[in-house]
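Visitor: I have a protein model to look at, and I keep meeting labels. Can you show me how each label is earned?

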Amino acid sequence: MLNKLPFMRGLATASLFTLPLMAFISPCSAADRFSDRDAVEFTPREGLPNFFNKLDKGEEVTVVYFGGSITAQNGWRVQSAEWLQKEYPDAKIVPVSAAIGGTGSDVGVFRAENDALSHHPDLLFVEFAVNDASKRRDSVIKAMEGIVRKTWEANPETDICFVYTVTKYDSKVLAEGKVKTSTAAMEEVADYYGIPSIHFGMNVAKLEKEGKLVMETKAPMTQVSGDELNEAAELATDEQGRIIFSKDGVHPYPETGHVLYTQVLTRCLEDMSGDAGVLKHSLQDKPLDPQNWEQAQRLSITDNELSGPYVDLTAPGDAMAKRFAERLSPLYQLAPGSELHFKFKGTKVMIYDVIGPRGATLEITLDGKSRKKVRMDGYCTYDRLSILSIGDNLKNEVHEVSIRVLDEPLDKRNILFERNRDKYDANPALYADSFWYPGAIFIVGEMVP
């Protein structure tokens, strides 16, 4: 018989809005993905004094889990909330999932106010190192510093903790004591602002190196979405007694990899619990990066910015609008011939939208230069939140953006991954229409008339 590790039951279901891992990673050379910074499992820095002060008093505390698909799983997020409630029975733990799969800090900084800070967290966990793995160091610093500064502008008593996870792509380097460039960049921000950080993956990498853990099974990975993130591990350990960390080398099984993550987290939280007090966190007069994305904005699309045949789906009863209302409202459906048009002054612009089986071809025009983009990919057998990048590292001047939905046929069956084409064959009518579903504009800067 194969052995099982203790299973920790989840409190809630995963987000319905998860995306494929690393959906928004921009490419960089493999050599740039690792740094010379030494790996450290736990650096307490200024700790979490305000959070533990409220816990010790038996007060209500809100814990917001801000990250990607690993945090969206019913894993360390759920398990740590259960542990906190057990350790502090007189307090009321209010856990909030602000995790969306496939998103990194460059998306998180835009959705911080709406998805995380609107819940008035006492503690904000930030987990983006995996989805930032191929991002440039300067971009990671800009985004993470923007998240920190937004948080403490909203409430300087909110405690923040950075957490880092591990994948099969970096476990061997981590076992040798080095971290990804994204993690090193986040540590620079943590050093500068006194934010505690915890690396969940060092023990995992050590166990793998010792032959006590296997990062992935040989079973094929299904789409990374919804409850499939939380697929139970049938085999917690193999015949040699090695822990099976995950199915895909990235998303841990709740019964194995996530338990290891939670064990590290709770041990580190116990080490910080003696520092309870009240601290107003300082933003520092001089930012680490003066070009950080503290001014990143999430702006709802308005009717004034739209033309042509479009529909506001936020009317009561629309299934898609209701499904995504927590993250994206209003939500529009743009038919071929419709257009989104606006101007802004700033350095970066993206569109927060939904992609799925009804995807369309877009013509994107930025400052007079046009390109086409198909708003559908191989995962699109279902609707999910996504990000359409329009312009990055722009000059800080006025830019004009137009996005038009084209009436062009798409071979949607062949756009889907081969493993998903049977779903097309079973219901081709689902893919017959072509629409675009935008809901918000992300800019670093400000809108102009």
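Guide: We will take the labels in turn and set values against their definitions.

Guide: This is a predicted model, where local features need pLDDT of at least 70, side-chain atom pairs count only at pLDDT 80 or more, and totals for chains, interfaces and linings use all residues. Residues are numbered from 1 along each chain as its sequence is written, and side-chain values use heavy atoms, with hydrogens and water left out.

Visitor: How do you know what the pLDDT of the protein chain is like?

Guide: pLDDT is the predictor's confidence in each residue, from 0 to 100. The mean for the protein chain is 89. Of its residues, 89% reach 70 or more. Over residues 1–27, pLDDT is below 50. That stretch still has 96 contacts in the model beyond near neighbours in sequence (contact means heavy atoms within 4.5 Å). Residues 221–225 also stay under 50.

Visitor: What makes up the secondary structure of the protein chain?

Guide: It comes to 12 helices and 20 strands. Helices (H or I, at least four residues) and strands (E, at least two) are DSSP runs, numbered from the N terminus.

Visitor: Why is Val109 called buried or exposed?

Guide: Buried means under 20% relative accessible area, exposed over 50%, and partly exposed in between (1.4 Å probe, protein chains only). Val109 has 0% relative accessibility, so Val109 counts as buried. Its place is in helix 4 (residues 105–116). Not counting residues up to four places away in sequence, Val109 touches Ala143, Gly146, Ile147, Lys150, Trp293 and Ala296.

Visitor: What makes Tyr332 buried or exposed?

Guide: Its relative accessibility is 3%, so Tyr332 counts as buried. Tyr332 lies in strand 14 (residues 332–334). Among the residues that Tyr332 touches are Ile301, Leu306, Tyr310, Trp436 and Pro438. Tyr310 is 22 residues away in sequence, yet the C-alpha atoms are 6.9 Å apart.

Visitor: Why is helix 1 called mostly covered?

Guide: Count its residues. In helix 1 (residues 49–56), 6 of 8 are buried. They are Pro49, Asn50, Phe51, Phe52, Asn53 and Leu55. What covers them includes strand 3 (60–67), helix 3 (76–87) and helix 9. Just after helix 1, Gly58 takes a positive phi of about 75°.

Visitor: How many residues of the whole protein chain count as buried?

Guide: Of its 449 residues, 57% count as buried.

Visitor: What makes Asp38 and Lys178 a salt bridge?

Guide: A salt bridge is a side-chain nitrogen of Lys or Arg within 4 Å of a carboxyl oxygen of Asp or Glu. For Asp38 and Lys178, the closest N and O atoms are 2.6 Å apart. The pair meets the rule. Asp38 lies in strand 1 (residues 34–38) and Lys178 in strand 7 (residues 178–180), so the pair ties together parts that are 140 residues apart in sequence. By this rule the count comes to 33 salt bridges.

Visitor: Why is Lys178 called buried, exposed or partly exposed?

Guide: Lys178 has 28% relative accessibility, so Lys178 counts as partly exposed.

Visitor: How do you know that Arg136 forms a salt bridge with Asp138?

Guide: Their closest N and O atoms are 3.3 Å apart. That is within the 4 Å limit. Arg136, at 36% relative accessibility, counts as partly exposed. Asp138 is partly exposed too, at 29%.

Visitor: Where do Arg375 and Asp353 lie, and what joins them?

Guide: A salt bridge joins them, with the closest N and O atoms 2.7 Å apart. Arg375 is in the loop between strand 17 (369–374) and strand 18 (384–391), and Asp353 is in strand 15 (residues 339–355). Arg375 is buried at 6% relative accessible area. Asp353 is buried at 0%. Elsewhere, salt bridges that share partners join Arg37, Arg45, Glu187 and Asp191 into one network.

Visitor: Why are helix 8 and helix 9 called oblique to each other?

Guide: Axes are lines fitted to C-alpha atoms, for helices over the stretch in contact, and angles run from 0 to 180 degrees between N-to-C directions. Under 35 degrees counts as roughly parallel, over 145 as roughly antiparallel, 65 to 115 as roughly perpendicular and the rest as oblique. The axes of helix 8 (residues 201–209) and helix 9 (residues 257–272) come within 8 Å and cross at roughly 130°. The two helices are therefore oblique to each other. Gly201, Asn203, Val204 and Leu207 of helix 8 make the contact with Leu260, Tyr261 and Val264 of helix 9.
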